[in-house]
Amino acid sequence: MAQAAAYQTAGLVLDGNDRSTIFTTLEELLKDKVSIGGTAIRGNREKIITILMKVWFNAPRGLESLRIDGLQLI
């Protein structure tokens with residue numbers, strides 16, 4: 001599941017999608033796999049999406065070149 005979500009996120013970035021579209025797509029992808037029935041304000045699903053977004057969409061300053069290299073490899 002994690003690998004599929006990572007590839008899905010990278011693909012969405014490569015296709016030029018905006019932050020909102022990527023977030024919504026990942027929520028849909030993970031809704032029946034993570035935090036099913038959870039009531040936490042910030043559950044595991046949102047934490048996973050945050051990590052995927054930091055890796056593939058908006059890498060921290062100084063790590064941007066790694067993000068670009070990763071996208072090129074995919």
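Is Lys31 buried, exposed or partly exposed? Select this residue first: with a relative accessibility of 43%, Lys31 counts as partly exposed. The model on display is predicted, and every stop below refers to that model.

**Stop 1: Lys31 and its surroundings**

Lys31 is found in the loop between α2 and α3. Add Ile36 and Arg45 to the selection; Lys31 touches both of them, residues up to four places away in sequence not being counted. A distance label between the C-alpha atoms of Lys31 and Arg45 should read 7.5 Å, although 14 residues separate the two along the chain.

**Stop 2: helices α1 and α2**

Next, select residues 2-14 for helix α1 and residues 19-30 for helix α2. Two packed helices are described by the angle between their axes and the distance between those axes. Here the angle is about 155° and the axes are 10 Å apart. That angle makes α1 roughly antiparallel to α2, since an angle over 145 degrees falls in that category. The crossing of this pair, α1 and α2, is right-handed.

To display the contact, show side chains for Ala5, Gln8, Thr9, Leu12 and Val13 on α1, together with Ile22, Thr25, Leu26, Leu29 and Leu30 on α2. Coloured by class, the contact of α1 with α2 comprises 7 nonpolar residues, 3 polar residues and no charged ones.

**Stop 3: helices α2 and α3**

Keep α2 visible and select α3, residues 44-56. The axes of α2 and α3 come within 10 Å and cross at roughly 135°. This makes α2 oblique to α3. The crossing of α2 and α3 is right-handed.

On the α2 side, show Arg19, Ile22, Phe23, Leu26, Glu27 and Leu30; on the α3 side, show Arg45, Glu46, Ile48, Ile49, Leu52 and Met53. By class, the contact of α2 with α3 holds 8 nonpolar and 4 charged residues, with no polar ones.

**Stop 4: Glu27**

Which residues does Glu27 touch, leaving out those up to four places away in sequence? They are Arg45, Glu46 and Ile49. Glu27 itself belongs to helix α2 and, with a relative accessible area of 30%, is partly exposed. Its C-alpha atom lies 7.8 Å from that of Glu46, a residue 19 positions away in sequence.

**Stop 5: the nonpolar core**

In soluble globular proteins, nonpolar side chains tend to be buried together. In this model, the largest nonpolar core has 13 residues. Select Ile22, Leu26 and Trp56, the members that touch the most other members of this core. Two or more residues of the core come from each of α1, α2 and α3.

Centre the view on Leu26. Apart from neighbours within four places in sequence, Leu26 is in contact with Ala5, Gln8, Thr9, Ile49, Leu52 and Met53. Among these partners, Ala5, Gln8 and Thr9 are on the α1 side of the contact between α1 and α2, while Ile49, Leu52 and Met53 are on the α3 side of the contact between α2 and α3.

**Stop 6: Tyr7**

Finally, return to helix α1 and select Tyr7, which is located there. With 46% relative accessibility, Tyr7 counts as partly exposed. Add Leu71 to the selection: the C-alpha atoms of Tyr7 and Leu71 are separated by 9.5 Å, with their positions 64 residues apart along the chain.

Terms used. Residues numbered from 1 in each chain as written. Predicted model: local features only at pLDDT ≥ 70, side-chain atom pairs only at ≥ 80, totals over all residues. Heavy atoms only, no water. Axes fitted to C-alpha atoms, helices over the stretch in contact; angles between N-to-C directions. Helix = DSSP H or I, 4+ residues; strand = E, 2+ residues; numbered from the N terminus. Parallel < 35°, antiparallel > 145°, perpendicular 65-115°, else oblique. Left-handed = near helix turned anticlockwise from the far one by under 90°. Contact = heavy atoms within 4.5 Å. Nonpolar A, V, L, I, M, F, W, Y, C, P; charged D, E, K, R; others polar. Core = buried A, V, L, I, M, F, W, Y, C linked by side-chain atoms within 4.5 Å. Buried < 20%, exposed > 50% of the residue type's maximum accessible area, 1.4 Å probe, protein only.
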